Amino acid sequence: MQKRGVPTVTLVTEQFVSLAKAAAKSLGYPDIPLVVVPHPFETMPRDQVRKLAEQKYDEIVGKVVKATPRRAPGKPEAAR
Amino acid sequence: MSAKVHEVDQDIEQVFDYACAHGWSDGLPIIPPTEERVARMMAAVDLKPGDVIAHLPPRRGDVTVEKLAVNAVMAGCTPACFPVIIAGTEACDDPNLNIYSLNTTTNSVVPAFIINGPIRKELDVNCGWGCLGHGWRANATIGRAMSLIMLNVSGRIPEQVCKSTHKQPGAYSFCFGEWEERSPWEPLHVERGFKREDSAITVLGPAGTTNVIDHDSQTGEDILYTIASSMMCIGSNNFSPYYGEGEMGVVLCPPHAQLIGKEFPTKQKVKEFLLRETSKIPLSWLPERRRKALLQKSGGGQVQGEFARMAARADQFLIVVAGGLGGYHSVALPTFGTYAVTKLIRPTARVG
């Protein structure tokens, strides 16, 4: 998405923040906007997910608005 | 040498301390990768130091011949092993293996390597007694080199990047050969499209090893039934969440393989039997919440009546023959929902 010029925000659970940062860096987006959510997220009941979405709404929108779409320096495309 | 050169006291303990401090070691002592040793390693293949072999995620940098050679030296490989390391790296780069997931998941999966063809004898690869274990230089150092490549090149850094809850001892080294001469069927690499006289390396992603003992059965079918029953595991990724994806390994010991081979003329027949006999997981084995979830999502046909299936297709079983004679133990290798990949160990990349 980011590669196509669409501003993005990535949601990541607290246990995976370091991996998300490392993966983003290796893909050429060291400053990718991240929004951290509690872990585990996969098994969270629907009503709690709704509550969480409301809590995180402002942060997500704020980061999307601030996110500047830009293309990566070409490394990932060349990699495959 | 294009890699950064570090000046360290020649004392072996200081070199080891330095490697550990920089995160380059798996925790065991390394052979110092001096320029001379790295050059000797690279001389075993007809490739340039800067040739790019792969882009292994999560780090995705250029995986050059030189970087591979540095890790092969550290692991204790002889230069003759280096063509295997090149082919093993190419195999890990194949998207069907999904090395990104193997290196970052919370699961315990690791890349494990199976060597086929004449190079087994040239390198003295153990295919027999204790072949998954200790005491054999080729097995230990090829597997360890691949593991150090995962750490230093791919970036499988524990906790920070590799989120595995426990990982497993196979993360230090997991490499063995198929005892082709004791198999009643074609070798693994021939089954996967190569010639018998080719040498090849296959990588798959086991979560661990499950020993399967059956001393009592007198028929191949009964032994396979024991193996199938031992592979039915509701705590395996193969069952959930990745039902229908990837391959599970079965390492048959030669005595089991001989008995099975008498009744099952092809590996395909073995796989069909395993598919059928692993389709008998009683739903009562599952706690209620999981049972409901399985029933809800089972558009894929995993649930049939009162039973659930372990695999969706016969080609989800990978059969290989290895291990000692005399014992009646085979080994199941539950995996992750990733596929095995086989690559040619190129003769041009061999020691002349």
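Begin by selecting chain A, where the order of elements along the sequence is β-α-β-α-α, that is, 3 helices and 2 strands. Keep in mind while you look that this is a predicted model, so colouring by pLDDT is a useful companion to every stop below.

**Chain A and its confidence**

With that colouring on, chain A shows a mean pLDDT of 82, and 84% of its residues score at least 70. Within the chain, strand β2(A), residues 34-37, has the highest mean pLDDT of its elements, 94, whereas α3(A) has the lowest, 42. Select residues 75-80 of chain A next: the pLDDT over this stretch is below 50, and beyond near neighbours in sequence it has 6 contacts in the model. Buried residues account for 9% of the 80 residues of chain A, and of the contacts in this chain between residues at least 6 apart in sequence, 71% join residues at least 24 apart.

Now go to the loop between β2 and α2 (46-66) of chain A, where P40(A) is found. The peptide bond that joins H39(A) and P40(A) is cis, with an omega of about 0°.

**Where chain A touches chain B**

Show both chains and select the residues in contact across them, which are 10 from chain A and 9 from chain B. On the side of chain A, the elements giving two or more residues are α1 (17-26) and α3 (75-79), and α1(A) gives the most, with 5 residues. This side of chain A consists of 7 nonpolar and 3 polar residues, with no charged ones. Since α3(A) is one of these elements and has a mean pLDDT of 42, its part of the contact is best read with that value in view.

**The two domains of chain B**

Hide chain A and colour chain B by its domain assignment, which gives domain 1 (1-207 + 339-352) and domain 2 (208-335). The centres of the two domains, taken over C-alpha atoms, are separated by 28 Å. Where they meet, 27 residues of domain 1 are in contact with 22 residues of domain 2. On the domain 1 side of this contact, β4 (175-177) and α8 (188-191) of chain B each supply at least two residues, and the residues of that side divide into 16 nonpolar, 8 polar and 3 charged.

**The nonpolar cores**

What should be selected to see the largest nonpolar core? This core has 107 residues, and a good way in is through those with the most contacts inside it, among them A69(B), F82(B), F113(B) and V203(B). Helix α7(B), residues 137-154, contributes the largest share, 9 residues. Both domain 1 and domain 2 of chain B give residues to this core, so it lies between them.

Centre the view on I85(B), another of the residues with the most contacts in the core. Beyond its neighbours within four places in sequence, I85(B) is in contact with L68(B), A72(B), C77(B), I142(B), A145(B) and M146(B). A second core, separate and made of 5 residues, includes A23(A) and A24(A) together with V161(B) and C162(B), so bring chain A back to view it.**Helices α7 and α10 of chain B**

Select α7(B) by itself: 16 of its 18 residues are buried, which leaves the helix mostly covered. At 1.5 Å a residue, its 18 residues should span 26 Å, and the end C-alpha atoms are 24 Å apart, which agrees. Just after this helix, G155(B) takes a positive phi of about 95°.

Move on to helix α10(B), residues 254-263, whose buried residues are P254(B), H256(B), A257(B), L259(B), I260(B) and G261(B). Around these buried residues, display α9 (220-231), β7 (248-252), α11 (267-277), β11 (317-321) and β12 (329-333) of chain B, against which they pack.

**Backbone details in the loops of chain B**

Most residues other than glycine have a negative phi, and most peptide bonds are trans. With this in mind, visit the loop between β1 (52-54) and β2 (63-64) of chain B, which holds P58(B); the peptide bond from P57(B) to P58(B) is cis, with omega near 10°.

Next, in the loop between α6 (119-123) and α7 of chain B, select D124(B), which has a positive phi of about 60° although it is not a glycine. Is D124(B) buried or partly exposed? D124(B) is partly exposed, because 13 other C-beta atoms lie within 10 Å.

The last stop is K167(B), in the loop between α7 and β4 of chain B. The phi of K167(B) is near 50°, again a positive value in a residue other than glycine, and with 16 other C-beta atoms within 10 Å, K167(B) is partly exposed.

Conventions. Residues numbered from 1 in each chain as written. Chains lettered and ligands numbered in written order. Predicted model: local features only at pLDDT ≥ 70, side-chain atom pairs only at ≥ 80, totals over all residues. Core = buried A, V, L, I, M, F, W, Y, C linked by C-beta atoms within 7 Å. Buried ≥ 20, exposed ≤ 12 C-beta atoms within 10 Å, placed from the backbone. Helix = DSSP H or I, 4+ residues; strand = E, 2+ residues; numbered from the N terminus. Domains from an automatic or database assignment. Contact = placed C-beta atoms within 7 Å. Nonpolar A, V, L, I, M, F, W, Y, C, P; charged D, E, K, R; others polar. pLDDT = per-residue confidence, 0-100. Expected span 1.5 Å × (residues − 1).
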